[in-house]
Amino acid sequence: MMEKSDNLVLLTQVVAYVLCFCIFTRSASAIEGFESIACCADSNYKDPLTNLDYNTDYAWFSDKTSCRPITSVLNHSTNERLRVFEIEKGKRCYNLATTEDQVYLIRGTFPSENSPGNASFDVSIGVTQLGAVRSSPQDLRIEGVFRATKNNTDFCLVTEQGNPYISLLELRSVSEEYLQGLNSSVLKLINRSNLGGKEDDIRYPTDQSDRIWERTTAIPYTSVSFNISILDHKSNVTPPLEVLQTALTHPERLEFNHNGLEAEEDYEYLVFLYFLELNNSVREGQRVFDIYVNSEIKKARFDVLSEGSNYRHIALNASSANGSLNLTMVKATGSVFGPSCNAYEIMQVRPWKQETNQTDLKAILKIREELIIENQDNKVLQSWTGDPCMLYAWQGISCDFQNGAPVITKLDLSLSNLKGPLPSSVTELTNLQIMNLSHNNFNGYIPSFPSSSMLISVDLSYNDLMGSLPQSFNSMPHLKSIYYGCNDRMNHEPSSSGSLNISILTDNGRCQQENNFPQQAVIISVVACGSFLIAMAVGTIFVWRYRQRLNPLEAFARKSNPMITNVIFSLNSIDDFLIKSVTIQAFTLEYIEVATEKYKTLIGEGGFGSVYRGTLENGQVVAVKVRSATSTQGTREFDNEVHKTFDSNLTSISKF
């Protein structure tokens with residue numbers, strides 16, 4: 001019986017040990033508020049230095065061809081891989097799970113080995129720039145502290161030149177005290193020093209927030225250390241005790257200089273100073289010193305022991321002086337001992353920049369989720385990362401500002417090789433004015449839009465849609481045009497309740513042209529008095545005449561000039577035609593299609609294309625010439641016609 005009892009006790013102890021081990025492992029490897037990403041790592045792994053779990057970044061970017069090896073790994077890193085984003089412009093972002101209103105530390109690691117030699121890019125939290133990586137043989141680590149404004153946060157690499165790259169990305173929850181009174185700011189780490197440290201840099205698990213404290217010693221200062229505890233302190237931003245148990249001291253003064261700060265930007269700085277009195281024999285009033293930042297006194301007659309504890313920390317506001325920050329502690333008059341300091345941090349204060357309107361942001365992210373289901377390899381959708389409007393707008397999206405925040409006003413995904421149903425979430429873009437989803441392979445039905453929609457122009461032509469136009473289009477007060485032709489399975493009428501309002505321009509669902517209009521060079525020639533062909537004939541005569549007289553004009557005509565598209569020649573009278581100077585106005589394809597009612601009325605055939613009747617917003621009748629896709633001379637002929645008009649004695653062109 002006794003033996004059974006002993007076995008039961010032993011079994012209980014083993015179970016307890018296993019449970020404790022599991023709890024410890026869980027706390028070390030899957031800490032709430034921690035995210036550790038090893039870019040391009042072959043698989044997830046446990047970091048031997050910190051016992052933290054690191055995950056690959058294939059959940060964000062699945063392309064393994066952009067991965068490169070690293071042979072000499074940075075301090076505090078065991079990842080031997082580097083991800084290079086081979087993009088000419090734009091941004092690539094990691095969307096990280098965060099808790100709204102929680103304060104976080106975020107850190108990116110950018111090793112120089114095997115990185116693109118000419119790479120130059122910015123690093124941002126959301127749309128707020130945190131730092132920059134410029135072509136350099138040095139490894140770089142960029143770290144910041146921010147308050148999450150929503151339940152996910154973007155960490156972005158924004159191109160400037162060459163291809164951006166990254167090896168590690170780490171997110172850690174930290175103390176609220178860093179951002180007291182600075183909720184609309186981001187703090188960029190300039191320096192975090194463990195003064196007088198005896199060993200290598202200190203981080204997790206010694207620092208539960210995984211801050212990296214760099215060992216700092218300096219001549220002629222004396223390094224001191226003592227195994228002493230903190231008495232009666234209430235600070236949550238305190239460094240680990242192992243950091244505080246070492247210090248630098250000097251009989252008269254301590255001085256630390258930090259150069260190379262952004263001199264062109266007028267940033268403010270926060271200096272966090274940490275003091276623990278390591279000498280038990282020192283009494284209040286015996287170690288007193290003044291603290292200066294850039295020769296400006298910030299704290300006079302500072303005494304660590306004056307508040308009843310052997311520990312104090314203070315935060316000082318400062319400005320840089322021509323890209324430098326000098327921190328000095330000077331022994332005060334009457335003090336017995338000189339200054340002593342255990343650790344400090346210097347943070348640069350950067351204002352938090354406004355991101356895209358949250359309603360629009362949620363809607364466009366839902367649209368992306370709907371489209372990606374059947375378009376996972378689509379290049380356009382793959383480039384949709386980060387904020388849709390700021391730091392390079394997403395391809396196919398245009399934005400404007402409303403009440404200080406960017407809003408999405410245009411969605412143009414024409415010719416994007418998309419398929420599947422139209423995304424129903426497009427109706428949730430409350431500020432959308434222009435929507436062009438033409439020339440894709442969308443199927444299914446057109447969703448109903450609310451009467452509050454701001455849409456002005458809709459183009460759904462050249463798809464595989466079915467059904468009728470929703471009656472809701474008639475209740476949209478701003479809608480001016482809708483085109484849905486070349487959808488063979490669609491009805492030509494908007495449901496059983498009637499047709500579109502007469503004020504809305506439309507192609508009535510008819511497929512008039514088989515040509516791919518967005519791929520053609522479209523030329524508009526407007527002649528208020530007389531037809532286009534007559535005007536050009538008269539112009540040709542005058543060109544011939546003045547070329548005989550003016551050699552400089554001949555030289556000009558022989559120059560290789562870039563082709564100009566979407567051109568309007570507006571001639572109010574024959575007199576204007578003969579004597580006024582040249583100006584030209586560019587028009588968008590959408591505007592041209594509205595003006596011609598989708599090329600509805602054919603009025604003639606030219607030498608290299610068809611001519612259509614159109615009407616501008618001011619009522620002026622225009623002739624629109626469209627180069628034929630089969631013409632072998634159209635581009636050259638148009639080029640010649642445009643160049644001829646630059647003779648000021650030939651014609652007057654009032655718009656460009």
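Arginine 107 is buried in this predicted model, its relative accessible area being 0%. Burial is assigned to this residue because the cut-off lies at under 20% relative accessible area. The charged partner of arginine 107 is glutamate 170: the two form a salt bridge in which the closest N and O atoms are 2.9 Å apart. Since glutamate 170 belongs to strand 13 (residues 168–173) and arginine 107 to strand 7, the salt bridge ties together parts of the chain that are 63 residues apart in sequence. Glutamate 170 also counts as buried, with a relative accessibility of 1%.

This pair does not stand alone. Through shared partners, salt bridges join Arg107 and Glu170 into one network with Glu143, Arg172, Arg192, Arg203, Asp210 and Glu345. In the structure as a whole there are 25 salt bridges. Side chains of opposite charge can pair when their charged atoms come close.

A further group of contacts centres on arginine 147. This residue counts as buried at 10% relative accessibility, and its position is in strand 10 (residues 140–147). One partner of arginine 147 is aspartate 101, and the closest N and O atoms of this salt bridge are 3.6 Å apart. Aspartate 101 is located in the loop between strand 6 (91–97) and strand 7 (103–110), so that the pair links distant parts of the chain, 46 residues apart. Aspartate 101 is partly exposed, with a relative accessible area of 48%.

Arginine 147 also forms a salt bridge with glutamate 176, where the closest N and O atoms are 3.0 Å apart. Glutamate 176 lies in the loop between strand 13 and strand 14 (185–195), and the contact with strand 10 therefore ties together parts that are 29 residues apart in sequence. The relative accessibility of glutamate 176 is 38%, which places this residue in the partly exposed class. Arginine 147 is thus a buried residue that pairs with partly exposed aspartate 101 and with partly exposed glutamate 176.

The surface also carries charge outside these pairs. Glu264, Glu265, Asp266 and Glu268 form a negative surface patch. Within this patch, glutamate 265 occupies the loop between strand 18 (253–258) and strand 19 (268–276). With 39% relative accessibility, glutamate 265 counts as partly exposed. Glutamate 265 qualifies for the patch because membership requires over 30% relative accessible area and no salt bridge.

Technical notes
Residues numbered from 1 in each chain as written. Predicted model: local features only at pLDDT ≥ 70, side-chain atom pairs only at ≥ 80, totals over all residues. Heavy atoms only, no water. Patch = residues over 30% accessible without salt bridge, like charges linked within 9 Å, V, L, I, M, F, W, Y side chains within 5 Å. Areas by Shrake-Rupley, 256 points an atom, 1.4 Å probe, with all protein chains shown as cover. Salt bridge = Lys/Arg side-chain N within 4 Å of Asp/Glu carboxyl O. Lys, Arg positive; Asp, Glu negative; His and termini not counted. Charge placed at Lys NZ, Arg CZ, Asp CG, Glu CD. Helix = DSSP H or I, 4+ residues; strand = E, 2+ residues; numbered from the N terminus. Buried < 20%, exposed > 50% of the residue type's maximum accessible area, 1.4 Å probe, protein only.
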